Structures are given as C-alpha cells and as structure tokens.
Amino acid sequence: QAQLVESGGGLVQPGGSLRLSCAASGSIFSIYVMAWYRQAPGKSRELVAIISNDGDTHYADSVKGRFTISRDNAKNTVYLQMNSLKPEDTAVYYCKIVGNNQYGLPSDYWGRGTQVTVSS
C-alpha cells in the first residue's frame with residue numbers, strides 16, 4: 001500500500017517562509033512526476049509547482065520567484081520551499097506523485113494535505 005506523508009505546514013506571518021516535505025513509501029515504483037497542489041476555502045484545487053524525473057520544473061504564475069520545488073530521489077521525497085508568503089497563499093497544500101504501482105501501471109498518489117495559514 002502506497003503512502004504519502006506531508007509535513008511542514010503551519011501558521012506564518014506575511015513575508016515569512018515555510019518548507020513543506022512529502023515522503024512516499026510503500027508500493028510506488030519508478031516515480032515520474034512529483035508536484036504540489038493547493039486548495040483554498042471555496043476554491044478548486046490548483047497546481048502550485050511540478051518537478052519531473054530529470055529535474056525540470058514548472059510553477060504557477062502566482063508563486064514564481066517565491067516558491068521552489070525540489071526532490072530527493074533517494075528518499076522518494078519532494079519539497080516545497082515557500083518564501084515571501086502572502087495571505088493569499090493560505091490553503092491546504094497537497095503533494096501528488098505519479099509513479100508505477102505494483103502492476104507496473106502509472107498511477108496518481110495523493111497526500112492528505114497540510115494546512116498553511118499566512119496571517120498577522
């Protein structure tokens with residue numbers, strides 16, 4: 001059974017920083033893409049950042065220059081460094097991993113989410 005465990009969320013003042021982590025374990029093989037999404041109250045889930053197996057990255061326009069996604073393939077872990085946080089960054093942040101399941105088929109795996117609140 002595959003499991004994604006997120007950590008690093010919390011309450012931070014505007015302009016502050018947080019670092020999110022998401023570690024994958026269990027039946028996930030040949031991880032391709034790792035990504036972070038977020039969902040604010042009353043809004044749909046949106047892509048924040050994505051990183052491919054060879055390190056190519058893509059960011060939502062709203063976080064470019066402030067957030068950095070990275071991955072440690074040896075640890076099956078993806079990170080999101082968030083700097084210069086704004087109140088509009090407040091949301092539940094979810095990690096998503098695309099990898100092969102135990103049958104060799106590509107599958108999407110989601111974490112349970114971690115709350116990030118930016119407020120003074």
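The following paragraphs describe the overall build of a predicted model and then turn to three of its residues.

At the level of secondary structure, the chain has eleven strands and zero helices. Following the sequence from start to end therefore gives an uninterrupted run of β elements, β-β-β-β-β-β-β-β-β-β-β. The chain has a radius of gyration of 14 Å, close to the 14 Å given by the globule rule for 120 residues, so the chain is as compact as a globular protein of that length. Along the principal axes, the C-alpha atoms occupy a box of roughly 45 × 25 × 25 Å.

Contacts and surface add to this picture. Of the contacts between residues at least 6 apart in sequence, 55% link residues at least 24 apart. Buried residues account for 43% of the 120 residues. The surface exposed by the chain comes to about 6400 Å², with 47% of that area supplied by carbon and sulfur atoms. As for charge, there are 11 positive and 9 negative side chains, and a distance of 4 Å separates the centres of the two sets.

A helpful place to look inside the fold is Ser 21, which belongs to strand E3, spanning residues 18-25. Is Ser 21 buried or exposed? Its relative accessibility is 17%, and since buried means under 20%, Ser 21 counts as buried. Beyond the neighbours within four places in sequence, Ser 21 touches residues from several stretches of the chain: Val 5, Glu 6 and Ser 7, then Trp 36, and finally Val 78 and Tyr 79.

The backbone offers two further points of interest, both in loops. Most residues other than glycine have a negative phi. Against that background, Asn 76 has a positive phi, near 50 degrees. Asn 76 sits in the loop that connects strand E7 (67-72) with strand E8 (77-82). With a relative accessible area of 29%, Asn 76 is partly exposed.

Where is Ser 84 found? This residue lies in the loop between E8 and strand E9 (91-100). Phi of Ser 84 is also positive, near 50 degrees, in a residue that is not glycine. The relative accessible area of Ser 84 is 41%, so Ser 84 is partly exposed. Strand E8 thus has Asn 76 in the loop on one side and Ser 84 in the loop on the other.

Notes. Residues numbered from 1 in each chain as written. Predicted model: local features only at pLDDT ≥ 70, side-chain atom pairs only at ≥ 80, totals over all residues. Heavy atoms only, no water. Helix = DSSP H or I, 4+ residues; strand = E, 2+ residues; numbered from the N terminus. Buried < 20%, exposed > 50% of the residue type's maximum accessible area, 1.4 Å probe, protein only. Contact = heavy atoms within 4.5 Å. Rg over C-alpha atoms; globule rule 2.2 N^0.38 Å. Areas by Shrake-Rupley, 256 points an atom, 1.4 Å probe, with all protein chains shown as cover. Lys, Arg positive; Asp, Glu negative; His and termini not counted. Charge placed at Lys NZ, Arg CZ, Asp CG, Glu CD.
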